[in-house]
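User: I have a protein model open and I'm not sure how to read it. Could you walk me through it while I ask some basic questions?

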Amino acid sequence: MSNFFFPYIAFLYGAAYSIQQILEGVGLASSNFLERNEKGLIVGSYWSPAEAVTPILGLLLLYSIILFLALLAAGFVIARWRGVALVFALLAVPGLLNVAGLWPQINYLPDSFYIGGGSLGSSLGFVPLLILSLLTGWCTTVIVYDSLNLTDRFRGYYDHLWYATALLAGVFFVADSVGSRHASNLAEENRISRAASLYLLNQVRSYEQFCKTQGLAETSSCIWASDVQQTLNEYAAYGVDTFHQFGPAESAEIYAGIRRSVPEKEIIQIRKEIERYNRTVCPVEELGDGVRQHARPSGVCQRTPSAFCRAFPDGPEGLVDKYMIARSVALASECIIPTLVASKAKQEDLTEAIASKQKERYQRWWLFIALAAVVGGKVANSTTKVAKLDQRDSADRRRLIRPLFRGLSRIIKRLVVIGKAISQWFKRWRSHRKL
């Protein structure tokens, strides 16, 4: 028996995992469990998706039993007991094939489970839910069509809903493309911020060597050049999930280096010394009439790549050359530091946009389940047309309602008879007590 039921259990287990991943993504469920002592105090915790899935699996088993009965009822509507036998035989095929060793071993479980969201589960885990929803839509529509004695006009009304789903699918496609574009933009922005951090780190190391060679190790900018390398090294290692959290919110964070904070006066001094260094190593020659000749590019003096220099230097105005991107410099901190600050803000915005799109993906996930039910209803309309339900005489319609009403009528009549018997017995009992 276990071999017969294995395909169905595996089918539902994959669906349960997919539902749990979605519920975890929207914050409605968790796979983390707390351990409490006898006094109710928390003494530990553990993570177990398998345990979190168990209640969902129980509900799916209960629903599957109800759906199984509904499918048999729909089969009775289509072809009476022959339809019931056909539906039962079709539903038993996976179990029989598995007993014979011919059913493929399908793994509906995801390769990994994401705590707190980030994934919609595996595609195969989504298939069982679609099939359950489609079968639900099919048998419900068949039963309702026969029970309410509907006609071909209902199919026409239903087609309006069917065509609307095509437009909805187009909206889903556009929404997913926008989300993908946000993700690619975030990845590109993060790549630039990491590369810019590494570029500045290499220039800072060269400046530190210059400080040691010139005996300037105790100046503010040289001390900063030594301290900031750890910070820039971390920035160069931050990925899309961390730079927007730990990147520089303001330029002062980078000028502080490993220190918690640094006075504004010292920041100005650092910047002046770096500007003096750039003018010394990469001199700018004034040719008159506002014409300048910049230092030729070399191993030390280089024009900063435009991707790393997308923000103007910080104030005050006139402290440094505002358009330094146009000339060769040895240390482009005035340009790269504001760019890193702006990059953090941009990555924060993109991350929030992606999170918003992710929530929409979770919502669309449920809509896809509903659309599968609509597809099942569309198939049911074709089934009722092929079975020629509209051509049946009135005595042959409402195949489920008529027996149900007859059964309820018999039950009510028996209850009335029992009620009358109890009433007569009660009257005799009262009259006997009076005597």
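**Pocket, helices and unusual angles**

User: Which helix gives the most to the lining of the largest pocket?

Analyst: That is helix 2, which contributes 17 residues to the lining of the largest pocket. A pocket is an open set of points on a 1 Å grid over the protein atoms alone, where a 1.4 Å probe fits and protein lies on both sides within 12 Å along at least five of seven lines, and lining residues have an atom within 4 Å of a point. Please keep in mind that this is a predicted model, in which local features need pLDDT of at least 70, side-chain atom pairs count only at pLDDT 80 or more, and totals for chains, interfaces and linings use all residues. Residues are numbered from 1 along each chain as its sequence is written, and side-chain values use heavy atoms, with hydrogens and water left out.

User: OK, and how many residues line that pocket, and which lie nearest its centre?

Analyst: There are 31 lining residues, and those nearest the centre are Tyr8, Phe68, Leu71, Leu91 and Leu135. Helix 1, helix 2 (49-99) and helix 3 (123-147) each supply at least two residues of the lining. The helices are DSSP runs of H or I with at least four residues, strands are runs of E with at least two, and both are numbered from the N terminus.

User: Helix 2 looks odd on my screen. What span would a straight helix of 51 residues have, and what does helix 2 have?

Analyst: A straight one of 51 residues would span 75 Å at 1.5 Å a residue, whereas helix 2 spans only 29 Å between its end C-alpha atoms. The expected span is 1.5 Å times one less than the number of residues.

User: Where does helix 2 bend?

Analyst: Helix 2 bends by about 135 degrees at Ala79, the bend being the angle between axes fitted to the seven residues ending at a residue and the seven starting there. Arg80, which is also placed in helix 2, has a positive phi of about 50 degrees although it is not a glycine. Just after the end of helix 2, Gly101 takes a positive phi as well, of about 80 degrees.

User: Why does Arg80 count as partly exposed?

Analyst: Arg80 counts as partly exposed because its relative accessible area is 37%, given that buried means under 20%, exposed means over 50%, and partly exposed is in between (1.4 Å probe, protein chains only).

User: What about helix 1, how far does it reach?

Analyst: Helix 1 runs over residues 2-25, and its 24 residues reach 33 Å from the first C-alpha to the last, which is close to the expected 34 Å. There is still a kink of about 25 degrees in helix 1, centred on Tyr8, and Tyr8 is also among the residues nearest the centre of the largest pocket.

User: Switching topic: does helix 8 agree or disagree with its expected span?

Analyst: Helix 8 agrees, because its 18 residues should span 26 Å and its end C-alpha atoms are 26 Å apart. Several of its residues are buried, including Ile267, Ile270, Arg271, Glu273 and Tyr277.

User: Glu273 caught my eye. Buried by how much, and which residue is 52 residues apart from it in sequence?

Analyst: Glu273, found in helix 8 (residues 264-281), has a relative accessible area of 11%, so it is buried. The other residue is Ser221, and although the two are 52 residues apart in sequence, their C-alpha atoms are 6.2 Å apart in space.

User: And in helix 9, is Lys344 buried or exposed?

Analyst: Lys344 lies in helix 9, and at 7% relative accessibility it counts as buried. Thr384 is placed in helix 9 (residues 333-386) too, and its relative accessible area of 1% makes it buried.

User: Back to angles. Which peptide bond is cis?

Analyst: The one from Gly315 to Pro316 is cis, with omega near 5 degrees, and Pro316 is found in the loop between strand 5 (302-303) and strand 6 (328-329). Most residues other than glycine have a negative phi, and most peptide bonds are trans.

User: Where is Lys388, and what is its phi?

Analyst: Lys388 sits in the loop between helix 9 and helix 10 (401-434), and its phi is positive, about 60 degrees, although it is not a glycine. With a relative accessible area of 48%, Lys388 is partly exposed.
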